Amino acid sequence: LDEDVFLDNDKEVSKLVRMALKMSVKVLTVHELDYTRGACEFENFFCQTPEDLTNALYKDIAVPLYPLPEYRQVSFRLLLTHMGAIETGKRPLSVLTF
């Protein structure tokens, strides 16, 4: 989720989210917190999000995507956990930077 997530002119994002929900795909919300990447206050999403998607998208807490690299890595690990990843005990590849 960023400052422009549901503001596309052709409403393609809304269409894709609706399609995913119809197919019972779990939609994870991720809140971008880096202002150089389009971060905004979370309440802005309630104004942008189509009303029929609000309950489905915001019933779970969004994963915060922090700007500092060390915290951002933690955010990505949390996302992976939400997607079913399990800890292996192995060290992560240091080449994975976001």
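The following paragraphs lead through a predicted model of a protein chain, from its overall layout to its core, its aromatic rings and its surface.

The chain comprises 98 residues, of which 30% are buried. Four helices and two strands make up its secondary structure, and their order from the N terminus is α-β-α-α-β-α. Along the principal axes, the C-alpha atoms occupy a box of roughly 40 × 30 × 20 Å. The accessible surface of the chain amounts to about 7,400 Å², and carbon and sulfur atoms account for 60% of that area. Contacts across the sequence can be described by their separation: of those between residues at least 6 apart, 66% join residues at least 24 apart. Separation in sequence may also go with separation in space, as one pair illustrates: leucine 7 and proline 67 lie 60 residues apart in sequence, and their C-alpha atoms are 23 Å apart. Leucine 7 belongs to the segment before H1 and is partly exposed, because its relative accessibility is 48%.

The interior comes next. In soluble globular proteins, nonpolar side chains tend to be buried together. The largest nonpolar core of this model has nine residues, namely Leu1, Val5, Phe6, Val17, Cys40, Phe45, Leu53, Leu57 and Tyr58. Helix H3, which spans residues 51–58, is the greatest contributor to this core, with three residues. Two of the core members, Cys40 and Phe45, can be followed further. Once neighbours within four places in sequence are set aside, cysteine 40 is in contact with Asp2, Glu3, His31, Glu32, Tyr35 and Phe45. Phenylalanine 45 has a relative accessibility of 0% and therefore counts as buried.

Phenylalanine 45 also leads to the aromatic rings. A pair of such rings is described by the distance of the centres and the angle of the planes. The model contains five aromatic pairs. In one of them, phenylalanine 42 meets phenylalanine 45 in an edge-to-face arrangement, with 5.2 Å from centre to centre and 80 degrees between the planes. Phenylalanine 42 forms a further edge-to-face pair with phenylalanine 46, where the centres are 5.7 Å apart and the planes stand at 70 degrees. Both angles exceed the limit of 60 degrees, and the pairs are therefore classed as edge-to-face. The burial of these rings can be set out one by one. Phenylalanine 45 is buried at 0%, whereas phenylalanine 42 has a relative accessible area of 27% and is therefore partly exposed. Phenylalanine 46, at 43%, is likewise partly exposed. Ring pairs join Phe42, Phe45, Phe46 and Tyr58 into a cluster. Phe45 and Tyr58 belong to the nonpolar core as well.

Not every buried residue is nonpolar. Aspartate 34 has a relative accessibility of 13%, and because this lies under 20% the residue counts as buried. Aspartate 34 is located in the loop between strand E1 (30–32) and helix H2 (43–48). Beyond its neighbours within four places in sequence, aspartate 34 touches Ala39, Leu65, Pro67 and Arg72.

The surface offers a contrasting case. Leu16, Met19, Met23 and Val25 form a nonpolar patch there, and together they have about 400 Å² of accessible area. Valine 25, one of its members, lies in the loop between helix H1 (12–22) and E1. With a relative accessible area of 39%, valine 25 is partly exposed.

The loop that holds valine 25 also contains serine 24, which brings the backbone into view. Most residues other than glycine have a negative phi. Serine 24, although not a glycine, has a positive phi of about 60 degrees. Its relative accessibility is 68%, and serine 24 is therefore exposed. Lysine 11 provides a second case, since its phi is near 60 degrees and thus positive in a residue other than glycine. Lysine 11 is placed in the segment before H1, and at 43% relative accessibility it counts as partly exposed.

Methods: Residues are numbered from 1 along each chain as its sequence is written. Side-chain values use heavy atoms; hydrogens and water are left out. A nonpolar core is a set of buried Ala, Val, Leu, Ile, Met, Phe, Trp, Tyr and Cys residues joined through side-chain atoms within 4.5 Å. Buried means under 20% relative accessible area, exposed over 50%, partly exposed in between (1.4 Å probe, protein chains only). Contact means heavy atoms within 4.5 Å. Rings of Phe, Tyr and Trp (its six-membered ring) pair if their centres lie within 6.5 Å; planes under 30 degrees apart count as stacked, over 60 as edge-to-face and the rest as tilted. Patches are made of residues with over 30% relative accessible area and no salt bridge: like charges are joined within 9 Å, nonpolar side chains (Val, Leu, Ile, Met, Phe, Trp, Tyr) within 5 Å. Accessible areas come from the Shrake-Rupley method with a 1.4 Å probe; for residues, only the protein chains shown count as cover. A salt bridge is a side-chain nitrogen of Lys or Arg within 4 Å of a carboxyl oxygen of Asp or Glu.
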